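Me: Please take me slowly through one part of this structure, beginning with the side that faces outwards. Then follow the trail from there into what surrounds it, in words a first-year student can follow.

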Amino acid sequence: MPEARGVDRARFEAEIKPAAEPVVMRGLVSDWPAIAAAREGTEALAGHLKVRSREQPLDVWIAEAGLNGRFFYGEGLTGLNHRRERSTVGGLLDRLVRDETSAAPEAVYAGGVPLDRHLPELLGEVPMPLLAPETERLTSLWLGNRVRTAAHWDLAQNLAGVIAGRRRFILFTPESIGDLYVGPIDVTLAGQPTSLVDFHAPDFEAFPRFREAMKAARVAELGPGDVIYIPSLWFHHVETLSPVGAMVNVWWRDGPAWMKTPQLTLMHALLTMRDLPPPEKRAWRAFFDHYIFGEDAVDHIPEAARGVLGPMTSERRQSLSAVLARSLAR
């Protein structure tokens, strides 16, 4: 995976983000106080985080030791092979300290823990220098032990900074979706569709195209202070290589604030397009290329006559939403 050093906001905005390619930036956030605490050991890190945390309940995911940290579906993709418990940041930290020296601990983690809700005092200690202060974002904490997060995509862009432990990232372009054998889109492990391939023991008889995916994979190992930029919709498989790991994710979108996830369009298309005869599907593909992905679809129409094809005002959003709501209610 490409690496860059000495990246500032200007370079990130001018070079890295427009390229929409993942990049590792070594040592970018090595001055975070939590990293200094982690260097002293897990107990020091736990103490640093606990005094900054609230007694706010959160979900903790737990898998038996024999699963080697792989959180996945149950047999036949029914149910899950792990369980969920309610705890707090402090409770999870106590468990990680307790299990750190265990020969075969259960795999445990909490992902996407919003700092503003659970560790508000930590927010000021994990600044992301590559984003403008006014950028609307969600800053969250990942905290756990030796865990494998199956390859999945996220809608938001992500700058992930490692606080403790080493982590291996394997990234794939959105175009690799067919080679990753992605599971159901409505019954998921943690919100997003994931690859069904076990990266530690891929079954090439069941998933032969996965060989092609791995030929194009971007791989990197990160340590404390390193940051990885993951563009929107890039698939990423993440593995914690250390007995304890901690990472901060900074998520944001560059589109207009009113825009909802295009995954809704995908779900709607399952109702309206997927089962059309092939000639009709080809025709609709041309229409989408023209109206949605094209750049000059309405240049020939006077601006005042463009209707919903014009700039998306609040009135037009309401009109479109009403049309969709009526159609879905039938």
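Reply: In this predicted model, A10, A14 and P18 are exposed on one side of helix 1. The buried residues of helix 1 are F12, I16 and K17. Looking down the helix axis, you would find these buried residues within an arc of 85°, so they line one face of the helix. A rule of thumb helps here: an α-helix makes a turn every 3.6 residues, so residues three or four places apart point the same way. Keep that in mind while you rotate the model.

What lies over the buried face? Strand 2, strand 8, strand 11 and strand 13 are among the elements that cover the buried residues of helix 1. Just after helix 1 comes A20, with a positive phi near 55°.

A little further along is P22, in the loop between helix 1 (9-19) and strand 2 (23-25). P22 has a relative accessible area of 0%, so it counts as buried. Leaving aside residues up to four places away in sequence, P22 touches M1, P2, L171, R218, Y229, P231 and W234. If you want a sense of scale, P22 and A107 lie 85 residues apart in sequence, and their C-alpha atoms are 28 Å apart in space.

Now for the sheet. Nine strands make up an open sheet with mixed pairing, in the order 1-2-11-8-13-6-5-3-4. At its edges stand strand 1 (3-4) and strand 4 (83-87), each with a single partner strand, so each has one side without a neighbour in the sheet. Find Y229 again, one of the residues that P22 touches. Y229 belongs to strand 11, where it stands opposite L159. Strand 8 and strand 11 (residues 227-230) run antiparallel and are joined by four bridges.

Strand 8 and strand 13 turn up once more, around another helix. In helix 3 (residues 42-50), the buried residues are T42, L45, A46, H48 and L49. Their arc around the axis is only 160°, which puts them on the same side of helix 3. The elements covering them include helix 2 (33-39), helix 4 (89-99), helix 6 (120-123), strand 8 (157-164) and strand 13.

Strand 13 also leads to an open space. It is one of the elements that give two or more residues to the lining of the second largest pocket, and the others are strand 5, strand 6, strand 7, strand 9 and strand 12. This pocket has a volume of about 780 Å³. It is lined by 28 residues, and those closest to its centre are G111, G112, H152, D154 and A190. By class, the lining holds 14 nonpolar, eleven polar and three charged residues. Strand 7 contributes the most to it, with four residues.

Strand 12 is worth a pause. Are its residues buried or exposed? Six of the six are buried, so strand 12 is largely enclosed by the rest of the structure. F235, H237 and E239 point one way, while H236, V238 and T240 point the other way. Strand 12 runs antiparallel to strand 7, with three bridges between them, and in this pairing R148 stands opposite E239. Strand 12 also pairs with strand 9 in the antiparallel sense, over six bridges. Here I170 is the residue opposite H237.

The last stop is a closed space. Rolling a probe the size of a water molecule over the atoms shows where empty space is left. There is one cavity of 30 Å³ or more, and the largest cavity has a volume of about 70 Å³. Two residues from the previous paragraph, R148 and H237, are in its lining, along with R70, F71, F72, T149, A150, A151, V197, D198 and F199. Six of the lining residues are nonpolar, two polar and three charged. Strand 7 supplies the largest share of this lining too, with four residues.

Technical notes:
Residues are numbered from 1 along each chain as its sequence is written. This is a predicted model: local features need pLDDT of at least 70, side-chain atom pairs count only at pLDDT 80 or more; totals for chains, interfaces and linings use all residues. Side-chain values use heavy atoms; hydrogens and water are left out. On a 1 Å grid over the protein atoms alone, a cavity is a set of points where a 1.4 Å probe fits but cannot get out, and a pocket is an open set with protein on both sides within 12 Å along at least five of seven lines; lining residues have an atom within 4 Å of a point. Grid points are joined across faces, edges and corners, and a volume is the space filled by probe spheres set on the points. Ala, Val, Leu, Ile, Met, Phe, Trp, Tyr, Cys and Pro count as nonpolar, Asp, Glu, Lys and Arg as charged, and the others, Gly among them, as polar. Buried means under 20% relative accessible area, exposed over 50%, partly exposed in between (1.4 Å probe, protein chains only). Two strands pair if DSSP finds at least two bridges between them. The arc is that of the directions from the helix axis to the C-beta atoms. Contact means heavy atoms within 4.5 Å.
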